[in-house]
Amino acid sequence: MNSLRKSNSWTKLEQLADETGDDRIADYFKADPDRFEKMSLRLGELFLDYSKNKISPQVMDALLELAEQSPLQRRREQMFAGDAINVTEERPVLHIALRNLGNQPIVVNGRDVMPDVQASLEKLRAFTEQVRSGQWLGYTGKRIRNVVNIGIGGSDLGPSMVCRALLDYQHPDLSVHFISNVDGRHLKKVLKGLDPETTLFIVSTKTFSTQETLLNANSAKRWFLEQTQSTTADMGQHFVAVSTNIKAATEFGIREDSIFQFWDWVGGRYSLWSSIGLPIALSIGFDAFIELLDGAHTMDQHFLNAPLEANMPVLLALIGIWNINFLGAETQAIIPYDQALHQLPAFLQQLDMESNGKSVDIDGNPVSHATGPIVWGQTGSNGQHAFFQLLHQGTRFVPIDFIASLKADEDTKEHHFALLTNMLAQANAFMNGDTQDKQYASCTGNRPSNVLLLDELSPRNLGALIALYEHKVFVQGAIWNINSFDQWGVQLGKRLANDISRDIDGKSNEYDPSTQGLMDIVNRHLAGDKADSGATAKAGLVAEESGDQ
Ligand code: F6P
């Protein structure tokens, strides 16, 4: 059994949770008029207010003691030093090297990885500039107008979220699209209306073995060849790949010099900083991509060097631990008051839930406490008119992170004013509540939130924001003593998808009656068109067994 719950700091926090159970957050402000100043922090153009949490000064001290006594600081050093902290896959975890723009050496197995990182950035720069300037032409001599990224999970969510967030920075004559779902309707919807002669596909897959991506890539290739009546040789100007699996990418038909590499020490959900960020660089330009990396690098340096009590990722992580482990929160809501950040909750969902959705610690023992929360959310003010009712008056305890950028567009300042004042009103209402004569109209309040303000939604600030959450997840994983960098749970579904695809036509009776019954219905339904589409589906599933991500 994992020993964290028996530690002194954990026991102290349990006692404090009992003792402060009836406290009101609002009273903490009455007791200390400087609470806002004390419990807020600025780093560059990011400002975090964490004063509206149900955290007394004693609780904060005990949380910091927990962090101090945990493996956090040792593991942080190990991560930055390139040690193999992803123990189940025996790999370092080095997304921080991808934005190590000062180029300090980071040595893995006796070799500095920074020259490789530099070389891959250089390749990204050269290609990005060719496409954006119109030097890179399609096989009929036309310039590229549309980029379609085909990938899923970490090979989709990061680039897609960032491209959408930074739409204002997008090249005026280049649109970037994303196909992720294996549902053929997703592919058809994106391809509809695109001109193959001016379209560039990026097949983005670390392993080049992911069923969904291979199916989509093969269908896109077929679409291109059918539409253009061209040969596979003509594909060269229209298909590039981002992968660690050069062999599979070349076998697919991509020229070796059009493969953008990265390394097994970059986890899928941490990969937008690598060549996986190619769609970002194409959309916003290489210089802005470097600013994104630089923003993340600033957060890395802060995370590495700031004392725990003034360390933004550490504080966010400790607040989360308090809410999850001592106040019983099961979920964490992410509410950006910024339409451009509408995909941020989905991105953070993968980042957090794939990383810390673990119930065995790093030594293989079952954990005796809750780990990663269910992360969810959507933009404000939309959420106010959908699910906020439950957050105000429901029986659940849901901590919220509000995120907004201060800078408004010149022509919609009035809207921005309404957006920000709505957010402030909500954070205030969640804390203070409201007492009415009628019970049904009262809001109890005392519900915690953080507010994160960006001076503006720039590449640099977005980079810092994403890195903030990456490190928050890391800190929680280190304190819970789990491995935040593997995802073995995902493999089971992949394996079974293979098995069911193979067995659906009834040759096996190894399945439970429910699964078998459903397989029979699906099989009968598909019988008509199975001859061709079934064969393609199976072809896409073959190489799926490896746990590599
Ligand atoms: O299934 C989840 C996952 O393993 C993620 O970790 C990863 O980002 C994604 O699949 C895609 O993997 P790949 O880039 O190898 O196609």
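**Note on the predicted model: strands, crossovers and ring pairs**

1. In this predicted model, both faces of strand E13 are covered, since Ser-449, Val-451 and Leu-453 on one side are buried and Asn-450, Leu-452 and Leu-454 on the other side are buried as well. Six of the six residues of E13, which spans residues 449-454, fall in the buried class, so the strand is largely enclosed by the rest of the structure. As a point of background, side chains in a regular strand alternate between the two faces of the sheet.

2. The neighbours of E13 in its sheet can be described next. Strand E2 (residues 46-49) pairs with E13 in the antiparallel sense over four bridges, and within this pairing Leu-46 stands opposite Leu-454. Strand E12 (residues 400-405), by contrast, pairs with E13 in the parallel sense over six bridges, with Phe-402 standing opposite Val-451 of E13. The strands E12 and E13, together with helix H17 (residues 413-432), make a right-handed β-α-β unit.

3. On the division into domains, the protein chain is split into domain 1 (3-93 + 306-486), domain 2 (105-288) and domain 3 (504-546). The C-alpha centres of domain 2 and domain 3 lie 31 Å apart.

4. A further sheet deserves its own point. It is an open sheet of five strands, paired in parallel, with the order E6-E5-E7-E8-E9. Strand E6 (175-179) and strand E9 (259-261) stand at the edges and have a single partner strand each, so one side of each is left without a neighbour in the sheet. From one strand to the next, the twist averages 20°.

5. Which residues of strand E7 point one way, and which the other way? Thr-199, Phe-201 and Val-203 point one way, while Leu-200, Ile-202 and Ser-204 point the other way, and all of them are buried. With six of its six residues buried, E7 is therefore largely enclosed by the rest of the structure.

6. The pairing around E7 can be followed on each of two partners. Strand E5 pairs with E7 in the parallel sense over five bridges, and the bridge partner of Val-147 in E7 is Leu-200. The chain crosses from E7 through helix H10 to E8, and this β-α-β crossover is right-handed. Strand E7 (residues 199-204) and strand E8 (residues 239-243) run parallel and are joined by four bridges, with Ser-204 standing opposite Val-242 of E8. Helix H10 (residues 211-228) lies across strand E5 (146-150), E6, E7 and E8, and runs at about 160° to E7.

7. Turning to the aromatic rings, the count comes to 21 aromatic pairs. One of them is formed by Phe-224 and Phe-239, and it is edge-to-face, at 5.9 Å centre to centre and with 80° between the planes. Because Phe-224 lies in helix H10 and Phe-239 in strand E8, this pair ties together parts that are 15 residues apart in sequence. Both Phe-224 and Phe-239 are buried.

8. A second ring pair, formed by Phe-387 and Phe-388, is tilted, at 5.4 Å centre to centre and with 50° between the planes. Are these two rings' residues buried or exposed? Phe-387 has 18% relative accessibility and therefore counts as buried, the cut-off being under 20%, and Phe-388 is buried with a relative accessible area of 1%.

9. Ring pairs also link a cluster made of Tyr-139, Phe-201, Phe-208, Trp-223, Phe-224, Phe-239 and Phe-252. Among its members, Phe-201 is one of the buried residues of strand E7, while Phe-224 and Phe-239 are the edge-to-face pair described in point 7.

10. The last point concerns Ala-317, which is found in helix H14 (residues 312-326) and is buried, with a relative accessible area of 0%. Leaving aside residues up to four places away in sequence, Ala-317 touches Lys-472, Val-475 and Gln-476. Ala-317 and Ala-425, which are 108 residues apart in sequence, lie 25 Å apart in space, C-alpha to C-alpha.

Notes:
Residues numbered from 1 in each chain as written. Predicted model: local features only at pLDDT ≥ 70, side-chain atom pairs only at ≥ 80, totals over all residues. Heavy atoms only, no water. Buried < 20%, exposed > 50% of the residue type's maximum accessible area, 1.4 Å probe, protein only. Helix = DSSP H or I, 4+ residues; strand = E, 2+ residues; numbered from the N terminus. Pairing = 2+ DSSP bridges. Right-handed = clockwise from strand over helix to strand, strands pointing away. Domains from an automatic or database assignment. Axes fitted to C-alpha atoms, helices over the stretch in contact; angles between N-to-C directions. Contact = heavy atoms within 4.5 Å. Phe/Tyr/Trp six-rings, centres within 6.5 Å; stacked < 30°, edge-to-face > 60°.
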